[in-house]
Amino acid sequence: MTKLVVNRLTPDVSSQEYAPIAEDRVVDGAPTGRALNQYTNTKENFFAGVWESTEGCWNLNYTEDEMCVIIEGEAIITDAEGVETRVVQGDSFTVPAGFKGTWRTIGHVKKWYAIYEE
């Protein structure tokens, strides 16, 4: 029988340094981000933690499935067809593998994430 292990996650990422979003992905601004991955499964294909970024816009090309909950701030996710979805504090959403579009952080945003990659 597998024993239950509870991993408590913290929204505090202050121990992590901000790093620029890869220059070849940036659409506008000079966005930076930081993450604190707080769980990785034994197969190393499922991850959970907290991520935040500063203002700016960059291209997305998801190879993984991701579930998110916005803790602070807001962002606009735009798909390849130009459909915009605004996400704000308290919103939860999923992004499927294969999604392409952009992420625009308005001011500052912080989110919980859970990622699964085949």
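Here is a walk through the structure, from its core and pocket out to a few single residues.

What you see is a predicted model, in which local features need pLDDT of at least 70 and side-chain atom pairs count only at pLDDT 80 or more, while totals for chains, interfaces and linings use all residues. Residues are numbered from 1 along each chain as its sequence is written, and side-chain values use heavy atoms, with hydrogens and water left out.

Let's start inside. In soluble globular proteins, nonpolar side chains tend to be buried together. A nonpolar core here is a set of buried Ala, Val, Leu, Ile, Met, Phe, Trp, Tyr and Cys residues joined through side-chain atoms within 4.5 Å. Buried means under 20% relative accessible area, exposed means over 50%, and partly exposed is what lies in between (1.4 Å probe, protein chains only). The largest nonpolar core has 17 residues, and the ones touching the most other members are Leu-60, Ile-77, Phe-93 and Trp-103. Strand 4, strand 5 (65-79), strand 7 and strand 8 each supply at least two residues of this core. As for the numbering, strands (E, at least two residues) and helices (H or I, at least four) are DSSP runs counted from the N terminus.

Take Phe-93 as a way in. Contact means heavy atoms within 4.5 Å. Setting aside neighbours within four places in sequence, Phe-93 is in contact with Glu-66, Met-67, Cys-68, Ile-70, Ile-77, Val-87 and Trp-103. One of those partners, Cys-68, counts as buried because its relative accessibility is 0%. Cys-57 is buried too, because its value is 4%.

Are those two cysteines bonded or apart? A disulfide is a covalent bond between the sulfur atoms of two cysteines. The cut-off used is a pair of cysteine sulfur atoms within 2.5 Å. The sulfur of Cys-57 is 16 Å from the closest cysteine sulfur, in Cys-68, so the gap is too far for a bond. The structure holds 0 disulfides.

Cys-57 also turns up beside Thr-102. That threonine sits in strand 8 and counts as buried because its relative accessibility is 18%. Leaving aside neighbours within four places in sequence, Thr-102 is in contact with Val-27, Cys-57, Trp-58, Asn-59, Leu-60, Ile-76, Ile-77 and Thr-78. Leu-60 and Ile-77 are among the core residues named earlier.

Now for the pocket. A pocket is an open set of points, on a 1 Å grid over the protein atoms alone, where a 1.4 Å probe fits, with protein on both sides within 12 Å along at least five of seven lines; lining residues have an atom within 4 Å of a point. Its volume is the space filled by probe spheres set on the points, with grid points joined across faces, edges and corners. The largest pocket comes to about 290 Å³. Of its 14 lining residues, Arg-25, Trp-51, Tyr-62, Glu-66 and Lys-111 are the closest to the centre. The elements giving two or more residues to this lining are strand 4 (46-61) and strand 8. By class, the lining has 9 nonpolar, 1 polar and 4 charged residues. In that count Ala, Val, Leu, Ile, Met, Phe, Trp, Tyr, Cys and Pro are nonpolar, Asp, Glu, Lys and Arg are charged, and the others, Gly among them, are polar.

Tyr-62 leads on to a loop. Ala-97 lies between strand 7 (92-95) and strand 8 (100-116), and touches Tyr-62, Thr-63, Glu-64 and Asp-65, not counting residues up to four places away in sequence. Ala-97 is partly exposed because its relative accessibility is 40%.

Another loop, between strand 3 (32-40) and strand 4, holds Glu-44. Most residues other than glycine have a negative phi. Glu-44, though, has a positive phi, near 55 degrees. Glu-44 counts as exposed because its relative accessibility is 60%.

Strand 3 itself includes Gln-38 and Thr-40. Gln-38 is partly exposed because its relative accessibility is 21%. Beyond four places in sequence, Gln-38 is in contact with Arg-8, Leu-9, Thr-10, Ala-48, Gly-49, Val-50 and Trp-112. Asn-7 is 31 residues away from Gln-38 in sequence, yet their C-alpha atoms are 8.1 Å apart. Thr-40, with the same limit on sequence neighbours, touches Phe-46 and Phe-47.

Last comes Tyr-18, in the segment before strand 1 (19-20). Among the residues Tyr-18 touches are Thr-32, Gly-33 and His-108.
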